[in-house]
Structures are given as structure tokens and as C-alpha cells.
Amino acid sequence: MKKVLITGFDAFGNNLINPSGEVVEATTANYSHLEVHKLILPTVFEKSLSILKKEAFFLNPDFIICFGLNEKAAEVNLEVIAHNLNDARIADNEGNCPVGEAIFKDGPVTYDSTLPLGEIEDALLAAQIPVAISRDCGRFVCNHVFYGIRHITQEKGMRAKAGFVHLPSFETMAMAQQVEALEVILAALNY
């Protein structure tokens with residue numbers, strides 16, 4: 001049985017709720033091939049990655065899938081690239097607003113997702129859930145966590161395949177469909 005860690009975020013900015021946190025909490029899917037662990041992260045630059053790192057070291061999962069909100073998205077966005085850059089246009093939930101800062105000074109410019117994005121995309125399309133491949137994760141806390149966990153798994157030689165998925169607002173895609181999307185993504189982790 002494979003272990004998977006799924007994460008979402010708490011509400012931030014002008015959002016009273018964050019779909020990523022709500023959807024992660026709402027999933028009750030039970031898979032014979034997966035042991036699913038959930039974690040809700042604070043929308044705070046350093047703190048979110050510190051909490052995720054600690055949980056990843058404790059669980060040593062096979063997969064880490066982080067979910068976040070992209071208010072501009074019209075579909076589920078499978079993120080391909082994480083950038084070594086914090087460049088916030090708004091403050092996080094503790095008032096941090098880094099501009100032009102490297103996440104890891106010794107890290108490469110980018111990391112690619114190591115999730116099976118092709119299989120995940122095919123599974124979402126088969127379930128008739130709108131999906132897009134995205135090459136821009138932004139430079140806010142979502143990208144910070146995506147880049148950070150990829151850097152950590154790479155540097156520490158961890159087995160976890162890790163990546164990031166942006167979800168749209170509930171006004172754009174209903175919660176039930178987003179929960180279904182998360183469950184389709186988990187079901188696609190079959191290797």
C-alpha cells in the first residue's frame with residue numbers, strides 16, 4: 001500500500017474560505033492501494049513549508065500532492081514547474097510580503113513536478129472534469145510550498161513524488177466536483 005500526503009491551505013486575503021482546505025478535509029475516499037493522510041497548511045511563507053517538511057519526514061510518503069486556490073482558474077490546474085522565487089503581490093496571513101527573494105539560495109531556478117501528470121490529466125478528462133496543464137504556479141505561498149517540498153525531497157533523496165494542483169473558486173467549480181477531482185487524482189496514483 002502506498003502512502004500519500006495531501007495538503008490544502010486555510011483561507012487568505014479576501015477569501016472567507018479556501019477551496020483547497022475544504023476539499024482536502026471533505027474527501028472520504030478509501031482506496032485499497034493508498035493510505036491517505038491530510039494536512040491543512042497556514043497561508044504563511046516559511047511556516048507552511050516547515051510544517052509540511054516535518055510531516056513529510058514523519059510519514060515518508062510515496063506521494064505528496066499539495067492543493068491551493070487559483071481564483072483566476074476556470075478548471076483544475078496541474079502545475080508543472082515550481083520557481084525558486086518568493087514574489088508576493090499581497091501579504092500572507094502573518095503580514096509577510098517577500099519580493100524578489102530566493103526560496104533556497106543554493107537551489108536551482110526551477111523544479112518540475114514528479115507526479116504522473118499525464119495519467120492524472122487523462123483520468124480527469126475521462127471523468128469529464130475540466131483540467132489544464134499550467135506552467136505558472138505564481139510566486140505566492142503555493143509556489144513556495146511546491147518549490148520547497150521538491151527541493152527537500154530532492155536534497156534528502158526521499159522517495160516521494162511531489163507536485164502541486166491549483167483548484168478554482170467554488171463559484172467557478174462546485175465543491176462536489178472539486179472533491180470528485182481530488183478523488184480522481186488519488187485513484188490515478190496506481191504505480
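**View 1: Phe140, a buried ring.** With a relative accessibility of just 15%, Phe140 counts as buried. Buried means under 20% relative accessible area, exposed means over 50%, and partly exposed is anything in between (1.4 Å probe, protein chains only). Keep in mind that this is a predicted model: local features need pLDDT of at least 70, side-chain atom pairs count only at pLDDT 80 or more, and totals for chains, interfaces and linings use all residues. Residues are numbered from 1 along each chain as its sequence is written, and side-chain values use heavy atoms, with hydrogens and water left out.

**View 2: Phe45 meets Phe140.** Searching the whole structure turns up 4 aromatic pairs. One of them is Phe45 with Phe140, an edge-to-face pair with 5.5 Å from centre to centre and 90° between the planes. Phe45 belongs to helix α2 (residues 45–59), while Phe140 sits in the loop between β7 (131–134) and α4 (141–155), so this pair ties together parts that are 95 residues apart in sequence. For the vocabulary: rings of Phe, Tyr and Trp (its six-membered ring) pair if their centres lie within 6.5 Å, and planes under 30 degrees apart are stacked, over 60 edge-to-face, and the rest tilted. Helices (H or I, at least four residues) and strands (E, at least two) are DSSP runs, numbered from the N terminus. Phe12 joins in as well: Phe12, Phe45 and Phe140 make up one aromatic cluster. Is Phe45 buried or exposed? Phe45 counts as buried, because its relative accessibility is 3%.

**View 3: Tyr111 and Tyr147, a tilted pair.** Here the ring centres of Tyr111 and Tyr147 are 4.9 Å apart and the planes are at 50°, so the pair is tilted. Tyr111 comes from strand β6 (residues 110–112) and Tyr147 from helix α4, so to speak two distant parts of the chain, 36 residues apart, get linked. Tyr111 is buried at 7% relative accessibility, and Tyr147 is buried too, with a relative accessible area of 0%.

**View 4: Helix α2 packs against helix α4.** The angle between α2 and α4 is about 35°, and their axes are 9 Å apart. Axes are lines fitted to C-alpha atoms, for helices over the stretch in contact, and angles run from 0 to 180 degrees between N-to-C directions. The crossing of α2 and α4 is right-handed; that is, the near helix is turned clockwise from the far one by less than a right angle, and anticlockwise would be left-handed. Contact (heavy atoms within 4.5 Å) involves residues including Phe45, Leu49 and Phe57 of α2 and Val141, His144 and Ile152 of α4. Sorted by class, this contact has 9 nonpolar, 3 polar and 2 charged residues. Nonpolar covers Ala, Val, Leu, Ile, Met, Phe, Trp, Tyr, Cys and Pro; charged covers Asp, Glu, Lys and Arg; the others, Gly among them, are polar.

**View 5: Helix α3 packs against helix α5.** Helix α3 (residues 117–126) and helix α5 (residues 175–187) pack at about 135°, with axes 9 Å apart. The crossing of α3 and α5 is right-handed. On the α3 side, Ile120, Ala123 and Leu124 meet Ala181, Val184 and Ile185 of α5. The tally for this contact is 6 nonpolar, no polar and no charged residues.

**View 6: What covers helix α1?** In helix α1 (residues 19–26), the buried residues are Pro19, Ser20, Gly21, Val23 and Val24. Among the elements covering them are β1 (2–9), β2 (34–41), β3 (63–69), β8 (161–167) and α5.
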